[in-house]
Amino acid sequence: MKGKMIVKLRQFVSDILPVDVHSSQPVAPDSLPSTGADCLVSCFCLESVSPDLPAFTRALGHIGKLLRPGGHLMLIGALGESYYFGGPGVRIPVVPLNEAQVCESLRETGYTLIRLEVYTLPQDMRVGVDDVTGVFFAKAKKD
């Protein structure tokens with residue numbers, strides 16, 4: 001089953017690249033076509049690797065350089081989360097974002113927000129591995 005899934009995925013995904021979101025040149029030169037990528041996807045990443053809101057915003061700007069004009073960013077992330085446990089006794093800090101900060105950071109870094117969905121976690125889904133209050137799903141277009 002796994003082999004079939006990989007073959008099917010390769011029909012749509014041409015490459016997966018390591019990205020350093022805190023570098024002004026996030027990928028190795030010539031890793032992408034000179035016109036830029038059509039789409040980027042980030043799931044629970046930028047807020048986890050950024051020490052504060054300005055770093056989160058800069059990271060959005062850095063990855064935006066990888067997109068062609070009109071290219072799309074699919075961004076999924078945590079709201080209100082200040083930490084998560086990466087293992088026993090390993091508390092990892094997270095930038096505690098709110099909906100307005102996500103929207104402003106996207107706007108400030110040259111994206112047009114197409115759609116934003118927010119899901120608030122009910123209390124019974126909060127299991128103690130973090131202090132997340134919700135999840136956002138953003139679709140944006142690079143100006």
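1. In this predicted model, the lining of the second largest pocket divides by class into 7 nonpolar, 6 polar and 2 charged residues. The volume of this second largest pocket is about 190 Å³, and of the 15 residues that line it, Val27, Ala28, Leu32, Lys65 and Leu66 are the closest to its centre.

2. The largest pocket holds about 720 Å³ of space. It is lined by 23 residues, of which Asp15, Leu17, Cys39, Leu40 and Val41 are the closest to its centre. By class, this lining has 17 nonpolar, 4 polar and 2 charged residues, and the largest share of it, 6 residues, is supplied by strand S1, which spans residues 37-43.

3. Turning to the interior, the largest nonpolar core comprises 22 residues, and those with the most contacts inside it are Leu46, Leu60, Ile63, Leu73, Leu75, Leu106 and Tyr111. At least two residues of this core come from each of S1, helix H3 (53-64), strand S2 (67-79), helix H4 (99-108) and strand S6 (134-142).

4. Leu73 deserves a separate entry, since the list of its contacts can be checked directly against the coordinates. When residues up to four places away in sequence are not counted, Leu73 touches Leu40, Leu60, Ile63, Leu67, Leu106, Tyr111, Ala138, Lys139 and Ala140. Among these partners, Leu60, Ile63, Leu106 and Tyr111 are also listed with the residues that have the most contacts inside the largest nonpolar core.

5. For helix H4, the buried residues are Val102, Ser105 and Leu106. Seen down the axis of H4, these buried residues fall within an arc of 100°, and therefore they line one face of the helix. As general background, an α-helix has 3.6 residues a turn, so residues three or four places apart point the same way. On the other side of H4, Ala100, Arg107 and Glu108 are exposed, whereas the buried residues of H4 pack against H3, S2, strand S5 (111-120) and S6.

6. Finally, how is Ile6 to be classed, as buried, partly exposed or exposed? Ile6 has a relative accessibility of 45%, and because buried means under 20% and exposed means over 50%, Ile6 counts as partly exposed. The place of Ile6 is in helix H1, residues 2-10. Along the chain Ile6 and Leu67 are 61 residues apart, and their C-alpha atoms are separated by 25 Å.

Key: Residues numbered from 1 in each chain as written. Predicted model: local features only at pLDDT ≥ 70, side-chain atom pairs only at ≥ 80, totals over all residues. Heavy atoms only, no water. 1 Å grid on protein atoms, 1.4 Å probe; cavity = no way out; pocket = protein on both sides within 12 Å on 5 of 7 lines; lining within 4 Å. Points joined across faces, edges and corners; volume = space filled by probe spheres on them. Helix = DSSP H or I, 4+ residues; strand = E, 2+ residues; numbered from the N terminus. Nonpolar A, V, L, I, M, F, W, Y, C, P; charged D, E, K, R; others polar. Core = buried A, V, L, I, M, F, W, Y, C linked by side-chain atoms within 4.5 Å. Buried < 20%, exposed > 50% of the residue type's maximum accessible area, 1.4 Å probe, protein only. Contact = heavy atoms within 4.5 Å. Arc of directions from axis to C-beta.
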